[in-house]
Structures are given as C-alpha cells and as structure tokens.
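Biologist: I'm new to reading protein models, so could we go through this one together? Let's put it up first and then talk.

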Amino acid sequence: MPRFFIANQLKRLFRLHGTPLRPQADLSHIYAPSCSAHNLPLSGVCCYHNVPAALNSGHVIDLRSDTVTKPDAEMRKAMAEAEVGDDVYGEDPTVNKLQERCASLLGKEAALFVPSGTMANLISVMSHCPGRGEEVILGDQSHIFIWEQGGISQLAGVHPRTVKNKDDGTFDIEEAESKIRSDDVHLTVTRLICVENTFGGKPLPLQFLTDVRKVADKHNLSVHMDGARLMNAAVAMDTAPQNICQYADSISMCFSKGLGAPVGSIIAGSKAFIDRSLRHRKVLGGGMRQAGILAAAALLGLDRATEKIKMDHDNAKRLAQGILDIKNDHLSVCLEDVLSNMVMIKVNKGINPMSICQAMARVTEEEETKLGCIVNLKMFPGSKTTIRAVVHQNISKSDIGLAIKKIQIVLDSFDDGKGYSVEE
C-alpha cells in the first residue's frame, strides 16, 4: 500500500477526531499497517519499529524501549579508540576482554559476544538441545516464545512447551514439573527450562530460581536465563549478578538495553557450552570481525552500569508517581510494581492504548504554549489495556517532569472531548 495513501488516511483520522495537526507536520514517512493479532487500528501497530506513528520534531522523549539509547561522547570515544583484531579468529583483544569480564561477572567459566539478544537466546537453546524435536519448557508470555519469531522451532527444530506466566514472571513449579516428558518413544525429550529476568521490569525472586534449579536437577535438565535486563535485576535487588546467575546453566544479557551500548549481547556458561555456542554463532552469521569497536561500548556500559541504572530506576518511580498524582481515571499505575526501569500503565474506561500513544506524539498550539516547547512523547502500547514506558540513560529527571506535564495535558483533552479515542 503506498505510503502517501497511509499518510492521507492518518491526516483524515486526526481531523475526524477534532485534533489539528501542526501546519508544518510532514507525515509522508509514516507507514502504519494494521495488527489484527492485537486488535489495533490502522493508525498504529504493535511492532517496535513503527510505534507510534509519530512526528520526530521538537523535544522527543522516547520511552518506547531502552533499546533507543544513543551512545554519548564518552562511549563514542571509547569505540573510536578500541584496539581491534579479527574476532572470528579469536584475535580481537577488546572482545576477549569483554568476554573474560562477563564470565567473571556472571560467575561462569566462559562467555561469548554475539550481535543480538535474539541470537543469544537461540544459540543457547541450540547448545542445550542438540537433537531435533527436543523440548524446552518456558513461560507462555516469555520473550523467547512470543517475540523471537519462534526461532527455536523455525531454525533449531526445538519444540516449546509453555507454562502460564504469573504477573511477576514466575510460573507454578508443580505445573512446570508436570510438563516434563516421560521416557516414551512417542514423546519429545525435555532438555531445558527457560526463565526471563527481568520480566515486565520485575526481577525474578531468588526463591523461585532456587525452586526451578531443584526441579531441573531432579530431572537432569538444564536452565537458561534470558537475562536481557539482568543488570537491572541485580541493581533492583542490590545483589551481585553472579548471585542471580548461580541458578542457571547459561545466561544471555543485552548491552543495548539498560547498559546503553548500541549493539550486542553476551552468553555465559561452561567452557563446553561456549565451545558449542561458538559453532552455532558462526552458522547463524553472528561471527563479526573487528568487533572490538562494539565491545568497547559494552565495556563502558558495564563500568557505568550501577550508577546509570540506579538513576533510571529512580526516574521510573518519578514517572509512576507523577501519573498517580495526576489523579485521572483514564490511566493508573501500581507503584509497588515499578521495581526497575519499566512503568506498566493501565488504560481504563475503554480507551485504546494506541489512541493515548498517538495523542502523546501529537502537538497542538495550546499545548506548546502551556509547556513552553514542542514535546513529542513516545510510549509503547503493550496490549489492549496497557502502555509500557521504559526509562533509560538518555532520559533525564527534567524529561520525566515534561513527560508528566504532557500526559496531564493529553488526559485533560480526553476529558474535555478534544482528544480522540478508539473504542475496543
């Protein structure tokens, strides 16, 4: 479908609901297909790269994800000055330094630098499940199961068997144990249990990890932790990362989320596990050459992790408290659930979360006068009833203040009938 057609439809939609576009607004770049799986309208999608269909003018406060961070001057300098070599030959000194540091940090024998978190999880599952048709037990809302294209099945031939995730990312241990296959020629062979930490911004309780480990040991299974935001969990729990990782045989951790680096993830585990993972990385196209440029950014991210992540967590609390202080029935937040850098905002009274997100990304002249500047606030419509806001290193305390004011103005416009909403 031509982009100009989509843009014209969006312009028409905005006008129908009585909210004027700024005269200089250019919507020709917008491409916003429908997402029937999540019952979202044409004017928005549930894909990371197209949410929301917004203008990129004015003061942008991007809370869609912590993956949107841009390297600061210090990180760019570290990247430019990185000592490099050919990492496929194992000769990049900066990559080797990163891998050694992460192995120690996570309490494992070895580690491997890979391009992305999705690849890190896929490689880990492949290394634990070498036979086609083997099975992994994991949460029904986990990132591996929902947001990675079913890669463990599509590419690795591994069968997923789900257990119901609770709101905190845990699942019933007895249910998980009941899903482990018996020794029967008709059945798949269970090899692995996967957990995710953090889950919706919540760190997994250590008692839960202890219980998972006990079940795994009882049935001779491995445990993989998708620790994309593991450092957020460690800071939130005020504990060393290895105290969390001791319950898992392997861990994946992203550098491009809470650590603020542009690219890359790490896998950690036993030396034999990493040796297998190295071969899988190669066949998946993850072998990079002078990757020290990227590893340098990851190393700096680790150096600054505790200080920066604490600030992110504090700002997430400020945002949540600010939304509560607005006292508007359209949105609500459970402050006790804001344990790291994510704020899950519940949308009430039949308003579509995409409508709220679109309104946050629009600007009216009245709003510009009230705020003193153009504020383009981006958030992610996580479901039919929630909006996700993720605080990161590019978000300051003053940004949080502006975001709260913008939310107040948008909510007032809904109350006044000036905003537009799309009923479910």
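Modeller: Before we start, one term: accessible areas here come from the Shrake-Rupley method with a 1.4 Å probe. Also keep in mind that this is a predicted model.

Biologist: Okay, how much of the accessible surface belongs to carbon and sulfur atoms?

Modeller: The accessible surface of the protein chain adds up to about 18,700 Å². The share that belongs to carbon and sulfur atoms is 51%.

Biologist: And what percentage of the residues count as buried?

Modeller: A residue is called buried when its relative accessible area is under 20%. The protein chain has 424 residues, and the part that passes as buried is 54%.

Biologist: How many helices and how many strands does the chain have?

Modeller: Let's take the secondary structure of the protein chain. The tally is 16 helices and 12 strands.

Biologist: Which helix gives the most residues to the largest nonpolar core?

Modeller: In general, nonpolar side chains in soluble globular proteins tend to be buried together. Here the largest nonpolar core has 52 residues, and Leu 98, Phe 113, Met 253 and Phe 255 have the most contacts inside it. The top giver to this core, with 7 residues, is helix 12 (residues 292–303).

Biologist: How many residues are in the other core?

Modeller: That one lies apart from the largest core, and Ala 316, Val 343, Leu 402 and Ala 403 are among its members. Its count of residues is 35.

Biologist: Are the rings of Phe 113 and Phe 255 stacked, tilted or edge-to-face?

Modeller: There are 2 aromatic pairs in this model. For Phe 113 and Phe 255, the ring centres are 6.0 Å apart and the planes meet at 50 degrees. Planes under 30 degrees apart would be stacked and over 60 edge-to-face, so this pair is tilted.

Biologist: How far apart in sequence are the parts this pair ties together?

Modeller: Both rings are tucked away: Phe 113 is at 0% relative accessibility, and Phe 255 is at 0% too. Phe 113 sits in strand 2 (residues 110–114), while Phe 255 is in the loop between strand 7 (250–254) and strand 8 (265–269). So the pair ties together parts whose distance in sequence is 142 residues.

Biologist: What kind of aromatic pair do Phe 171 and Phe 208 form?

Modeller: Phe 171 and Phe 208 are both buried. Their rings are 5.1 Å centre to centre, with 85 degrees between the planes. Planes over 60 degrees apart get their own label, so the pair is edge-to-face.

Biologist: Which residue has its charged end over the ring of Tyr 89?

Modeller: Look 6.0 Å from the centre of that ring. The charged end sitting over Tyr 89 belongs to Arg 289.

Biologist: Which residue in strand 11 stands opposite Ile 61?

Modeller: Strand 1 (residues 59–62) and strand 11 run parallel and are joined by 4 bridges. In strand 11 (residues 375–378), Val 375 and Leu 377 point one way and Asn 376 and Lys 378 the other way, and all are buried. The residue opposite Ile 61 is Leu 377.

Biologist: How many residues of helix 14 are buried?

Modeller: Helix 14 (residues 353–361) is mostly covered. Its cover includes strand 10 (342–347), strand 11, strand 12 (386–390) and helix 16 (397–415). Buried residues in helix 14 include Pro 353, Ile 356 and Met 360, and the count is 9 of 9.

Biologist: Which residue is the bridge partner of Met 342 in strand 12?

Modeller: There's an open sheet of 3 strands, in the order 9-10-12, with antiparallel pairing. Strand 9 (331–332) and strand 12 are the edge strands. Strand 10 and strand 12 pair over 5 bridges, and the partner of Met 342 in strand 12 is Val 390.

Biologist: Last one: is Ile 274 buried or exposed?

Modeller: Ile 274 belongs to helix 11 (residues 271–283). Leaving out neighbours within four places in sequence, its contacts include Ala 110, Leu 112 and Ile 267. Its relative accessibility is 7%, and the cut-off is under 20%, so Ile 274 counts as buried.

Note on methods:
Residues are numbered from 1 along each chain as its sequence is written. This is a predicted model: local features need pLDDT of at least 70, side-chain atom pairs count only at pLDDT 80 or more; totals for chains, interfaces and linings use all residues. Side-chain values use heavy atoms; hydrogens and water are left out. Helices (H or I, at least four residues) and strands (E, at least two) are DSSP runs, numbered from the N terminus. Buried means under 20% relative accessible area, exposed over 50%, partly exposed in between (1.4 Å probe, protein chains only). A nonpolar core is a set of buried Ala, Val, Leu, Ile, Met, Phe, Trp, Tyr and Cys residues joined through side-chain atoms within 4.5 Å. Rings of Phe, Tyr and Trp (its six-membered ring) pair if their centres lie within 6.5 Å; planes under 30 degrees apart count as stacked, over 60 as edge-to-face and the rest as tilted. A charge sits over a ring if NZ of Lys or CZ of Arg is within 6 Å of the ring centre and within 35 degrees of the ring normal. Two strands pair if DSSP finds at least two bridges between them. Contact means heavy atoms within 4.5 Å.
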